[in-house]
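Here are a few warm-up exercises to work through with the structure open beside you. Try each task before reading its solution.

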Amino acid sequence: MRKIKGFRNIGRTAVIGIPYLWLLVLFLLPFLIVLKISFAEPIISIPPYSDLLQWGDSFWPTIKASLDGYLFILEDSLYVNAYLSSLKIATISTLIALVVGYAIAYSIAKAPTRWRGILLMLVILPFWTSFLIRVYAWIGILKTEGLLNLLLISLGVIDKPLTIMNTDLAVYIGIVYSYLPFMILPLYANLEKMDFNLLEAAADLGCRPFKTFWTVTIPLSLPGILAGCFLVFIPAVGEFVIPDLLGGTQTLMIGKVLWIEFFNNRDWPLASAVAIILLAILVVPIMYYQKTQEKAIS
Amino acid sequence: MTEISTIEPWTDSSQKAYIEIKNVTKKFGDFTAIDNLSLKIYKNEFFSLLGPSGCGKTTLLRMLAGFEKPTEGTILLDGEDISQVPPHLRPINMMFQSYALFPHMSVEKNIAFGLKQDKLPSKEIKDRVEEMLELVQLTEFAKRKPNQLSGGQRQRVALGRSLAKRPKLLLLDEPLGALDKRLREQTQFELMNIQEKLGVTFVIVTHDQEEAMTVSSRIGLMDTGYLTQVATPTEIYEAPVNRDVADFIGDVNFLEGTYKGKNEIGTQLDSVDAKCVVYATQATAADIGRKLWFAIRPEKLEISKKKPDFEHNIIKGKIEDISYTGSMSTFHVKLANGKVLTACRANRERSAEHQLTWEDEVYLHWPPNSAIVLQS
């Protein structure tokens, strides 16, 4: 009996251990490496940063950490502006995705059962194409002689082509388009479980449909709204590909800054510091999200 | 039975109907859920729509609530055509089968919800909520959320919420379906008391015939989109219009035969089951030789080993099965032609002497006024 129990405990530890090991090797370790680099100094060598530990004559190594990277970020308004601009773009994109995603999720949840599977499939279908290719496709649509302008001109809506490409608007379109499924899926999962009898009950008690939506539907779908918003907001803040491909030179996003520091300037410590601060900013909503998820489960 | 049923406004043609359903048809695509149905319900009635699932009773209720619009016909409430009025503007409230309580609101907020829509002053809302909480005995649960309540308590919140606005008409969709038997019986009486106290007209949908019999002033028996019979519980039980109605409400035996005319006792039936002529007091208008049925309720069949001292309505058979339920014993008696009749009798004495047992040869007898003559 005891032997079996012991074996079972090992089994249980193994089952729980695998995801922990995964996180340790693929998340915590790289994170610590980035953290380490952020405190180093840039030097011209391979790799292009100084060692944190200096082995001198004594038995113990001396730690040679530098906060230069962090201080530089705080001093130069470019970085602060990039962070703020990223948060702004992510917030606005999240709100647009919420409005559009809510409408789509709601109509799927209300659709006849036999249609729901197909509609959900259509939401997920774009994932079958590479993210990069889909963003490139938007260039073809949005550019001056692109599909959208051709269509609008041929319909006689506009005379001159619109300049959408290389503006913030193109970035918003790109982010909302790319992350919409992450908004729709948690919202649908939530709305699909909703008892539509509640809406009838509200109507029966004299509540207008519009008010019912605000007093019954929205409060009850709050967990879905939160989940969807975090799933869009968090990756959108650090987004690099979309502002790089669709945005213009004036589009300032921290992901792009990070890329420039890393690959163009080869300042790994500064790039690492940018990444660490970005993580610090995102940890707050991530933890809040975790907490609401735990609450939803319990 | 409630006092209301003794007033019986439906027997008085000068009485105005409170709810009048006029030639209403409801179609969902090709499917006809309600077929040219007309019905009058009077003020202060406790009216039951009874029928098997799929008979259209819930559709009819939902049309009264306004969730469905009639394809044809009109619905009048207190003389006013409400067929096209949306649900939130109708002075009608409904208690849902699932209760449909708002899970994010406390008991008192649930009850106050309807009152808030009417923009009543907050003092009045508070008073009305307290009154309702008292009525459904949930005062100490006012701050709880629905998921912190038992099934019976939720049912009472739903009732309180639907009554809070003092509706002209309260609709109840299988209100007691989710409760266990004992609680259901208790709640039936509570519902009747509340209905009498508030004087609200109740229309209840149920598939439970016992429940309908207990609570209703009248029952509307439904079958696939139309009403088969609308009558008081007593009438429906004692004078069903056809075999389907007789069979749906309670247990019943049918004796098949041909009409042989009438004599001083009443209708004569040459019964193929009894292999003799049987009699019923009830008169009938049929051609001689026409196929007829006598319906006899099991409790009206007397069963004995000794041949009773009557000339008519005696059938011999053999006990095939007995079921003992404490207060009653039910006997399945097989006739010579193989047909099985059910007779039951109250177990008035404790002793098991002169008890009937399996394979006993017995006589079944009924007085002529106990049989119902049915033509279809």
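**Exercise 1.** How are H8(A) and H9(A) oriented to each other?

*Solution.* Keep in mind that this is a predicted model. Start with the bounds: H8 of chain A covers residues 197–204 and H9 of chain A covers residues 209–220. Next, take the axes, which sit 10 Å apart at an angle of about 125°. An angle over 145 degrees would count as roughly antiparallel, and 65 to 115 as roughly perpendicular. H8(A) and H9(A) are therefore oblique to each other. As for handedness, the crossing of H8(A) past H9(A) is right-handed.

**Exercise 2.** Find which residues of H8(A) and H9(A) meet, then sort them by class.

*Solution.* From H8(A) come A:Leu198, A:Leu199, A:Ala202 and A:Ala203. Facing them in H9(A) are A:Pro209, A:Thr212, A:Val216 and A:Thr217. Sorted, this contact has 6 nonpolar and 2 polar residues, with no charged ones.

**Exercise 3.** Work out which element gives the most to the side of chain A that touches chain B.

*Solution.* Count the residues in the contact: 14 come from chain A and 17 from chain B. On the chain A side, H8 and H9 are the elements that give two or more residues. H8(A) gives the most, with 6 residues. By class, that side of chain A has 8 nonpolar, 2 polar and 4 charged residues.

**Exercise 4.** Describe how the two assigned domains of chain B touch.

*Solution.* The domain assignment gives domain 1 as 3–91 + 167–246 and domain 2 as 251–374. Their C-alpha centres are 34 Å apart. Across the contact, 5 residues of domain 1 of chain B meet 6 of domain 2 of chain B. The domain 1 side splits into 3 nonpolar, 1 polar and 1 charged.

Technical notes:
Residues numbered from 1 in each chain as written. Chains lettered and ligands numbered in written order. Predicted model: local features only at pLDDT ≥ 70, side-chain atom pairs only at ≥ 80, totals over all residues. Axes fitted to C-alpha atoms, helices over the stretch in contact; angles between N-to-C directions. Helix = DSSP H or I, 4+ residues; strand = E, 2+ residues; numbered from the N terminus. Parallel < 35°, antiparallel > 145°, perpendicular 65-115°, else oblique. Left-handed = near helix turned anticlockwise from the far one by under 90°. Contact = placed C-beta atoms within 7 Å. Nonpolar A, V, L, I, M, F, W, Y, C, P; charged D, E, K, R; others polar. Domains from an automatic or database assignment.
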